[in-house]
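Q: Could you take a close look at a single part of this model, and describe how that part is packed against its surroundings? Please give the cut-offs behind each term as you go.

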Amino acid sequence: MTGQAGTVLVVDDEPQIVRALRINLTARGYQVVTAHDGAAALRAVADTKPDVVVLDLGLPDIDGTDVISGLRGWTTVPIIVLSARGESPDKVKALDLGADDYVTKPFGMDELLARLRAALRRSAVHSPEGEALVETSSFTLDLLAKKVHRDGVEVHLTKTEWGVLELLVRNRGRLVAQKQLLREVWGPAYENESHYLRVYLAQLRRKLEREPSRPRHLITEPGMGYRFEA
């Protein structure tokens, strides 16, 4: 983290909300960066590498959900949606695209700050600096060495198998949407090839799970995506 408590990118086109967040976050030791539209937000993440993004969905140029998709193509920075859209489909779409949390306007500042702290804690745990060695009841994974061992023996994984496993492990405990997995491992042109995931998850389970038909660590959320549990 680059500031005392971390750097927060606030993306919102409402000046009063940006001002309120800046005052409250700065008072608590955060460094605050702001963007007023989606294009500026994408540039700001690349330029400043914030520790967390607080994102409005109703932006003047592109929709906030497109910002989430754009970011999830290359970064796992925590994203907290802060939006007046309170309907369930909007929340589901944002979370499926890769947002980590969703807060509806009007909001309580204390609640938002608590969610922000939680997102930063989860991010620290998922980062390779925070936890390079991940142990489960079935296998041990070294994120830095890019190796997996089962019963003390190294398990050979293909480059693609490793890509799927690493992405799930770095998002431990969180749902990773099918499209995000396909986009980040295979590329944007493969977002709809969900059968790839069924094949590769089956291969990973055969190699790593004690009971591949009853996986404890590589979990399927039907119709939504996959989740890794240690």
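A: Helices (H or I, at least four residues) and strands (E, at least two) are taken here as DSSP runs and numbered from the N terminus. By that count the chain has 8 helices and 12 strands. The model is predicted, with local features needing pLDDT of at least 70 and side-chain atom pairs counting only at pLDDT 80 or more, while totals for chains, interfaces and linings use all residues. Residues are numbered from 1 along each chain as its sequence is written, and side-chain values use heavy atoms, with hydrogens and water left out.

The part chosen is helix α7, residues 178-185. Its buried residues, meaning those under 20% relative accessible area with a 1.4 Å probe and protein chains only (exposed is over 50%, partly exposed in between), are Gln 180, Leu 181, Leu 182 and Arg 183. These buried residues pack against α3 (64-72), α4 (88-97), α6, β10 (176-177), α8 and β12. Just after α7, Gly 187 takes a positive phi of about 120°.

Among these partners, α8 (residues 194-208) has an axis that comes within 10 Å of that of α7 and crosses it at roughly 85°; axes are lines fitted to C-alpha atoms, for helices over the stretch in contact, and angles run from 0 to 180 degrees between N-to-C directions. The crossing therefore makes α7 roughly perpendicular to α8, a class that covers 65 to 115 degrees, where under 35 is roughly parallel, over 145 roughly antiparallel and the rest oblique. Where the two meet, Gln 178, Leu 181 and Leu 182 of α7 are in contact (heavy atoms within 4.5 Å) with Ser 194, Tyr 196 and Leu 197 of α8. The residues of this contact divide into 4 nonpolar, 2 polar and no charged, where Ala, Val, Leu, Ile, Met, Phe, Trp, Tyr, Cys and Pro count as nonpolar, Asp, Glu, Lys and Arg as charged, and the others, Gly among them, as polar.

Leu 181 also belongs to the largest nonpolar core, which has 24 residues, and is listed with Val 148, Leu 165 and Leu 168 as having the most contacts inside it. Such a core is a set of buried Ala, Val, Leu, Ile, Met, Phe, Trp, Tyr and Cys residues joined through side-chain atoms within 4.5 Å. Two or more residues each come from α6 (159-170), α7, α8 and β12 (225-228), and α6 gives the largest share, 6 residues.
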